[in-house]
Amino acid sequence: MNSDFSDFYNRLKYLNEKEVGNSIMDTQINKTITEKAYDPKKLRIKAEMHLWYDFLQCLPVTVYRNKVIGRYTVDFYIPSVKMVIEIYDSQNHGDEQIKRESERDDYFRYLKTKVARYSYLDIIENFPNVCTDVVRNITAPYTETPSTHS
């Protein structure tokens with residue numbers, strides 16, 4: 001289970017045991033329901049939809065979703081400014097993931113394409129700041145170092 005939700009889950013489990021009793025069956029059912037309700041994949045999709053429908057579609061530039069560029073599929077691409085927007089899970093950033101992102105960054109650097117990355121939690125919890133950062137990246141000139149917002 002994602003560590004972001006472990007404290008929440010422990011508090012919820014405590015409340016469930018207090019209200020429902022200490023039944024193993026009740027705890028197992030509640031654990032399953034809680035894990036499904038706070039599935040990181042679902043939260044990532046929710047964040048992607050929120051960014052797309054509530055902001056990116058309203059921009060006065062063309063924005064593509066799930067655009068294939070070379071051998072990579074990016075979450076969003078703005079061709080007029082050559083900018084990629086990626087959404088990532090801040091908790092699953094292992095060595096292999098970092099290596100893949102580095103290879104992607106090298107490829108986009110070769111194409112002189114800006115890259116902005118946002119965690120799905122940032123999009124959900126700090127939506128206005130993410131939107132401001134996207135606009136700043138759209139209007140900023142290209143630099144060799146990709147922009148990352150964490």
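R44 is partly exposed, with 24% relative accessible area; the class spans the values between buried (under 20%) and exposed (over 50%), for a 1.4 Å probe and protein chains only. The model is predicted, so local features need pLDDT of at least 70 and side-chain atom pairs pLDDT 80 or more, whereas totals for chains, interfaces and linings use all residues. Residues are numbered from 1 along each chain as its sequence is written, and side-chain values use heavy atoms, without hydrogens and water.

The protein contains six helices and five strands. These are DSSP runs numbered from the N terminus, helices being H or I over at least four residues and strands E over at least two. Their order along the sequence is α-α-α-β-β-β-α-β-α-α-β. Of the 150 residues, 35% are buried. The exposed surface amounts to about 9300 Å². Carbon and sulfur atoms supply 53% of that surface. Areas follow the Shrake-Rupley method with a 1.4 Å probe, and for residues only the protein chains shown count as cover. Among contacts (heavy atoms within 4.5 Å) between residues at least 6 apart in sequence, 61% join residues at least 24 apart.

Strand β4 spans residues 114–119. Six of its six residues are buried, so the strand is largely enclosed by the rest of the structure. In a regular strand, side chains alternate between the two faces of the sheet. Both faces of β4 are covered. K114, A116 and Y118 are buried on one side. V115, R117 and S119 are buried on the other. Strand β3 (residues 83–88) runs parallel to β4 and is joined to it by six bridges; pairing requires at least two DSSP bridges between the strands. Within this pairing, V84 stands opposite V115.

R117 of β4 also takes part in a salt bridge. The term denotes a side-chain nitrogen of Lys or Arg within 4 Å of a carboxyl oxygen of Asp or Glu. The side chains of E101 and R117 meet at 3.9 Å, N to O. This pair links distant parts of the chain, with E101 in helix α4 (residues 95–110) and R117 in strand β4, 16 residues apart. Both E101 and R117 are buried.

In the whole structure, nine salt bridges are found. One of them joins R44 and D75, with 3.1 Å from N to O. R44 lies in helix α3 (residues 40–54) and D75 in strand β2 (residues 72–78). The two residues are 31 apart, so to speak of distant parts of the chain is apt. D75 is buried, at 8% relative accessible area. R44 and D75 also belong to a network of salt bridges that includes E48 and R65.

A further salt bridge lies within helix α4. R109 meets D106 there, the closest N and O atoms being 2.8 Å apart. The two residues are three apart in sequence, about one turn of the helix. R109 is partly exposed, at 27% relative accessibility. D106 is likewise partly exposed, with a relative accessible area of 42%.

Aromatic side chains were examined next. Rings of Phe, Tyr and Trp (its six-membered ring) pair if their centres lie within 6.5 Å; planes under 30 degrees apart count as stacked, over 60 as edge-to-face and the rest as tilted. The structure holds four such pairs. W52 and F76 form a stacked pair, 5.8 Å from centre to centre with 15° between the planes. The W52–F76 pair connects helix α3 with strand β2 across 24 residues of sequence. Both W52 and F76 are buried.

Y72 and F108 form a tilted pair, because their planes stand at 50°, with ring centres 6.0 Å apart. Y72 belongs to strand β2 and F108 to helix α4, 36 residues apart. Y72 counts as buried at 10% relative accessibility. F108 is buried too, with a relative accessible area of 1%. Ring pairs join Y72, F108 and Y107 into a cluster.

One charge placement over a ring involves K67. This residue lies over the face of Y64, at 5.2 Å from the ring centre. The criterion is NZ of Lys or CZ of Arg within 6 Å of the ring centre and within 35 degrees of the ring normal.
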